[in-house]
Amino acid sequence: MNNMAVAIAATYEMVPGRYPELDPFDMFRAVLKGALGSWGIGPKDVDGLLTSPAGQSAGATDTYVHDKLVSELAIYPRFAETMCLGGATFVAMINRAQLAIEAGQAKAVLCIGAGKFMKPGDGGAEMMARVISECDFEVPYGTFIPALYAMIAQQFMHERGITREDIARYAVSARKWALLNPRALMHAKGPIEVADVIASRAIAEPFHFLDCSIPTDGGGAVLVTHADMARDIAAQPAYVRGYGECHLRGTMSNAGNLIETGATVSGPAAFRQAGMTPADIDVVQLYDAFSATPLILLENLGFCAPGDSGAFVQSGATDPGGILPMNTNGGLLSFGHTGDSSGMSVLIEAARQTMGQAGPNQVEKASRVLAHCYGGMMYDHTTLILARDA
């Protein structure tokens with residue numbers, strides 16, 4: 001077998017929101033029940049399992065979710081693991097599932113993630129900031145996540161000539177897509193303009209409230225199989241065509257250039273494997289924890305020349321009807337940032353667009369779709385290219 005013989009055969013996603021009655025592992029149970037019920041398959045059909053950790057509160061992260069889900073499923077998979085690359089985890093799962101299938105270790109791999117939003121005061125956000133920061137040079141100065149992203153954005157604006165309005169215009173684009181998606185968290189809030197973004201309350205300059213992703217509970221799952229099984233399950237599978245991965249740094253203080261991320265490595269690797277270039281891609285799904293990051297990724301992945309992403313987004317290119325539809329479910333900014341499973345929503349939207357299952361926000365031409373996620377402070381990068389043809 002080769003990487004051309006593996007596909008995403010099915011997807012399932014909870015509606016983002018608040019589920020106070022469900023603890024972190026209950027969220028996994030809910031996703032598992034919903035996925036198997038909607039796919040029409042049973043535990044005996046799954047012989048591989050990949051999960052993310054459960055929980056975000058300080059000291060409560062569970063890194064043995066796969067063992068517990070094996071018991072829930074009453075199966076004995078030949079291949080199982082709890083993975084943690086932050087937001088990059090779920091795109092990486094597709095690669096790990098692909099390798100297992102190609103090696104004959106599994107025929108059908110369930111990839112699952114679920115997360116709870118970080119409540120103010122529960123210690124989760126502080127713990128995450130400490131985990132992704134350098135303990136001697138960053139943590140003592142009161143680092144927190146929006147401020148770290150703000151430093152990246154400031155360098156991006158200074159060196160590439162990107163303006164505050166350019167960054168805000170991406171938030172407008174994400175909201176346009178959310179308004180087409182009844183499942184998006186911010187669907188009921190109505191449209192926004194650049195002036196609204198800039199006028200919203202300041203968080204960490206240049207970011208204001210509407211530049212920031214919306215924390216919520218959620219989760220989802222995908223089933224990765226050999227192409228023959230995928231065609232039995234789905235009328236149009238999402239075939240895996242290319243993958244790239246890169247890990248360039250571990251903390252901000254040793255990062256050097258903050259805006260030349262690992263996407264400059266993982267993107268070209270995925271394109272080489274797929275035999276494609278950025279010009280071949282119809283739709284992109286880019287992890288957007290804050291409004292500046294998709295612009296950085298557009299440049300790092302080769303969709304825009306350095307310094308051109310601002311004008312590109314301002315032109316409406318990423319909007320509904322644009323030449324490069326981006327974050328078509330509303331992105332983390334307007335669909336919802338679903339805790340530890342946020343990268344899963346990026347992956348699922350890429351798969352659904354490729355499979356023609358994206359509902360009212362389906363792009364007419366979505367034959368080749370790129371998903372890119374990152375973990376930590378843009379430390380871990382994973383790029384995936386899906387296509388309707390194998």
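This is a short talk about one protein chain, its overall build and a few of its side chains.

Okay, hi everyone. Before anything else, please keep in mind that what you see here is a predicted model.

Let's start with the whole chain. If you trace its secondary structure, you get 13 helices and 11 strands. How compact is the chain for its length? The radius of gyration is 19 Å, and the globule rule gives 21 Å for 390 residues; those values are close, so the chain is as compact as a globular protein of that length. In terms of extent, the C-alpha trace spans about 55 × 45 × 40 Å along its principal axes.

Now, inside versus outside. Of the 390 residues, 63% are buried. The chain still exposes about 14,300 Å², and 55% of that comes from carbon and sulfur atoms. There's also a number about how the chain meets itself: take the contacts with a separation of 6 or more, and 77% of them are between residues 24 or more positions apart.

Right, let's zoom in on the rings. How many aromatic pairs are there? The count is six. One of them is Phe25 with Phe28: the ring centres are 6.2 Å apart and the planes sit at 25 degrees, which is under the 30 degrees cut-off, so we call this pair stacked. Where do these two sit? Both are in helix H1, which covers residues 24-39, and they're three residues apart, about one turn of the helix.

Are they buried or exposed? Phe25 has a relative accessible area of 12%, and the limit for buried is under 20%, so Phe25 is buried. Phe28 comes out at 0%, so Phe28 is buried as well. And Phe25 has another partner: Lys68 lies over the face of its ring, 5.9 Å from the ring centre.

Elsewhere in the chain, five residues form one aromatic cluster: Tyr149, Phe207, Tyr287, Phe290 and Tyr374.

Last stop, Ser173. You'll find this serine in helix H6, residues 164-178. Its relative accessible area is 0%, so Ser173 counts as buried. What does Ser173 touch, if we skip its neighbours within four places in sequence? The answer is Thr318 and Asp319. With Asp319 there's a polar contact too: the two side chains are joined at 2.8 Å.

So if you open the model yourselves, try finding Ser173 and Asp319 and look for that polar contact. Then go to helix H1 and pick out Phe25 and Phe28. That's me done, thanks!

Methods: Residues numbered from 1 in each chain as written. Predicted model: local features only at pLDDT ≥ 70, side-chain atom pairs only at ≥ 80, totals over all residues. Heavy atoms only, no water. Helix = DSSP H or I, 4+ residues; strand = E, 2+ residues; numbered from the N terminus. Buried < 20%, exposed > 50% of the residue type's maximum accessible area, 1.4 Å probe, protein only. Polar contact = N/O pair within 3.5 Å; in protein donor to acceptor, adjacent residues only side chain to side chain. Contact = heavy atoms within 4.5 Å. Phe/Tyr/Trp six-rings, centres within 6.5 Å; stacked < 30°, edge-to-face > 60°. Lys NZ or Arg CZ within 6 Å of the ring centre and 35° of its normal. Rg over C-alpha atoms; globule rule 2.2 N^0.38 Å. Areas by Shrake-Rupley, 256 points an atom, 1.4 Å probe, with all protein chains shown as cover.
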